[in-house]
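Here are my notes on the model you sent over. Have it open while you read, and shout if anything looks off.

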Amino acid sequence: MNDQSLKILKLIGLAIAGTGLLLILLSPFIGESLTPGSLWWIEPVAYIGAGVFVLGSVVAVIGFQIIARRTKALTGDRTRTWSQVTQDYFDTFAHDMGRPLRRILGKQREARALLNETGEVTPHMVVELLNEIENQAPNFRLMIENVRVLVDLEDDTASPVIEPVDAAAIVRNVSDRYTPIARERGLELVWWCEPSEFGLIYGDGSALDHVITNLVDNAAKFAEGHVEIRMTRTESEFLVRVWDDGAGIAESYLAHVFDRGWTPELSARSEKQSSGLGLFIASSLTERCGGQLVVESQALNGSQSDAHSTTFTLSLPLDNRPLKR
Amino acid sequence: MTSKSAGRGQKILVVDDEHMSDLMRSVLRRLETDGFRPIVVAPEGPHLTGEDYETQALFALETERPSAVLLDVRFGEYDSDRFKGLSILKKIVERDSSMPVLMFTQYTQGPYRDTAVNASLSVSVSVDFIDKLASPEEVVLRLRRLIGRAPETIKIGTLFEIDAANAAVYVIENERRDLIREIQGMKLEILSELASAMYRSEGELVPFSRLERFSDGEDSRASLRVRIRELKVSLGRAVSREFGANELIINVRNRGYRLVNPRD
């Protein structure tokens, strides 16, 4: 049905309803004129009028509804196109931004391979430099991805893509990505899930990947010796717990951990690059997926030296399909 | 773990217009050191487009019968070829829905990831996505998992080899394999469990809950600890070494155990 015929439908509805109303109002006169001197016809005419009014109203309301829905869909489409355009630009931007990094990274990996082939001992400084270049790659990946998600979060009409997801595989991939970095920082990064056969969940896989990546990235930045990722499940939820044995977060700061732009006040410690975006994005994405992200921390001050730690617990529904909700 | 046997000569079809770049060369080199046989699709001509790669890739799929495909999303800088990889993916899947395909993306999320998921993912298709910046180790690891067959034997560093099918542990010395007779039954099962976790992912820990069946008595952790110690002693004796608390099999903060490659 096109817009024109919808408008006509709406008008016809209104006209029928008007006729009905008119019949009710005029029923005394019509009844009177049909059988002069008797009141018998007045009532049936009024009833018929009421029926016609109801019919007309229904038609008009349906017309209105369809038009309203269509307008909404149209404006909705427009925002999606806008978002698509932004994403498209961003895609081009990320590709072009990545080009120099891909070249640097490629050269570094070639250099490493060539140095290995010579069989000679590579100077410590050189190894350090190569490692630094290699380890900045995941940083860059996360940064680009964070900005992209940030753009996406601004779009209210966007919704999570629900698909069957192997959550254990996601944790495994994140762990694999961060294991070399952790090793270089002298950290032990481990993960496991209980039960071991975790099975599939229904959720937004790339959002899950992104949230866990941000949590692990954060933990690897502040841990002193250990990072643990543990997955468990209950009847309706699955939980990912990311634990580190860093100095912890003072209680007064805990409430601000997920604020945009918040970074720990650790100016006394050496440079720790942190944009203050990661945890904000992690918690916003989690919320959008209908889950929860909470933080617990035992801070360093006052307690025994091994009693400090920080735990982020992500809980998400096992089945996030809208039909089942 | 980087033994030649890991890839067992499996062919990997590489479809990427940047296959000559340093980044891809390091991936190709890594595939070779891990025992895979990369087959690079490289059409010839003055003005190559995504179309040329598609034609040749589909041809190579028929003639080479690879075990998996490594496929880039983007071909060239033309706008029309920006998502060419997706159309190639679709055609590969149409021809062979069981073919494992690992796709290179700019980043893990994003429009083409969703498009790829929607366009290609019927139930049985095994497609995975990896960032183009990922390390060669990560690429090979992901590919290995996508192909999915667990190996018959798992090597622990260069010292030991576990043959789960034949329930045997060997010590490797100068290319020779000698059976370690001491390690059998439950000890072997524990070792296999730890070794397969390590094979799946370096950081994977085997939690106590999964090891409890190998223990008995009132204090199950203590009995497990004893078994692990015996295991370490047996393995150490075979190579005339003594493995310390932070070597070979380590107890991670009382969560569980994990196998690490021993130093040579």
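The points below start with the two chains and then go through some individual places.

1. First, a caveat: this is a predicted model. Please read every value below as computed from that prediction.

2. Chain A has seven helices and seven strands. Along the sequence they run α-α-α-β-α-β-β-α-β-β-α-α-β-β. Of its 325 residues, 43% count as buried. The exposed area of chain A is about 17800 Å², with 61% of it coming from carbon and sulfur atoms. If you take the contacts in chain A with a separation of 6 or more, 73% of them link residues 24 or more positions apart.

3. Chain B gives us eight helices and twelve strands. It has 264 residues, and 56% of them count as buried. Chain B exposes about 12200 Å², of which carbon and sulfur atoms supply 47%. Here, residues 24 or more positions apart make up 64% of the contacts with a separation of 6 or more.

4. Is strand β4 of chain B buried or exposed? It covers residues 101–105, and five of the five are buried, so the strand is largely enclosed by the rest of the structure. In a regular strand, side chains alternate between the two faces of the sheet. You can follow that here: Val101(B), Met103(B) and Thr105(B) sit on one side, Leu102(B) and Phe104(B) on the other, and all are buried, so both faces of β4(B) are covered.

5. Which strands pair with β4(B)? One is β3 of chain B (residues 68–72), which pairs with β4(B) in the parallel sense over four bridges. Another is β5 of chain B (residues 127–131), also in the parallel sense, over five bridges. Leu102(B) is a handy residue to click on: it is the bridge partner of Leu70(B), and its own bridge partner in β5(B) is Asp128(B).

6. Asp128(B) turns up again where the two chains meet. Look at Asn173(A), in helix α4 of chain A (residues 167–184). Leaving out residues up to four places away in sequence, Asn173(A) touches Asp128(B), Glu138(B), Arg142(B) and Arg145(B). With Arg142(B) there is a side-chain polar contact of 3.1 Å. Asn173(A) has a relative accessible area of 9%, so it falls under the 20% cut-off and is buried. Within its own chain, the C-alpha atom of Asn173(A) is 9.4 Å from that of Thr213(A), which is 40 residues away along the chain.

7. Now the nonpolar cores. The largest has 51 residues, and those with the most contacts inside it are Leu208(A), Ile212(A), Phe238(A) and Leu314(A). Beyond its neighbours within four places in sequence, Ile212(A) is in contact with Ile170(A), Val171(A), Val174(A), Val240(A) and Leu314(A). A second, separate core has 31 residues, including Leu159(B), Ala197(B), Phe214(B) and Phe243(B).

8. What does Thr310(A) contact? This residue lies in strand β7 of chain A (residues 309–317). It counts as buried because its relative accessibility is 5%. Its side chain makes a polar contact of 3.4 Å with that of Ser297(A). Setting aside neighbours within four places in sequence, the residues in contact with Thr310(A) are Val242(A), Trp243(A), Asp244(A), Gly248(A), Ile249(A), Val295(A), Glu296(A) and Ser297(A).

9. There is also an open sheet in chain B, made of three strands in the order β10-β12-β11 with antiparallel pairing. Its edges are β10 (206–207) and β11 (249–252); each has a single partner strand, so one side of each is left without a neighbour in the sheet. β10(B) pairs with β12 of chain B (residues 256–259) over two bridges, in the antiparallel sense. Within that pairing, Val206(B) stands opposite Tyr257(B) in β12(B).

10. Last, the cysteines. How many disulfides does a search of the whole structure find? Zero, over all chains. Two cysteines to look at are Cys193(A), buried with a relative accessible area of 3%, and Cys289(A), which counts as buried at 7% relative accessibility.

Note on methods: Residues are numbered from 1 along each chain as its sequence is written. Chains are lettered from A and ligands numbered from 1 in the order in which they are written. This is a predicted model: local features need pLDDT of at least 70, side-chain atom pairs count only at pLDDT 80 or more; totals for chains, interfaces and linings use all residues. Side-chain values use heavy atoms; hydrogens and water are left out. Buried means under 20% relative accessible area, exposed over 50%, partly exposed in between (1.4 Å probe, protein chains only). Contact means heavy atoms within 4.5 Å. Accessible areas come from the Shrake-Rupley method with a 1.4 Å probe; for residues, only the protein chains shown count as cover. Two strands pair if DSSP finds at least two bridges between them. A polar contact is a pair of N or O atoms within 3.5 Å; within protein, one must be able to donate a hydrogen and the other to accept it, and residues adjacent in sequence count only if both atoms are side-chain atoms. A nonpolar core is a set of buried Ala, Val, Leu, Ile, Met, Phe, Trp, Tyr and Cys residues joined through side-chain atoms within 4.5 Å. A disulfide is a pair of cysteine sulfur atoms within 2.5 Å.
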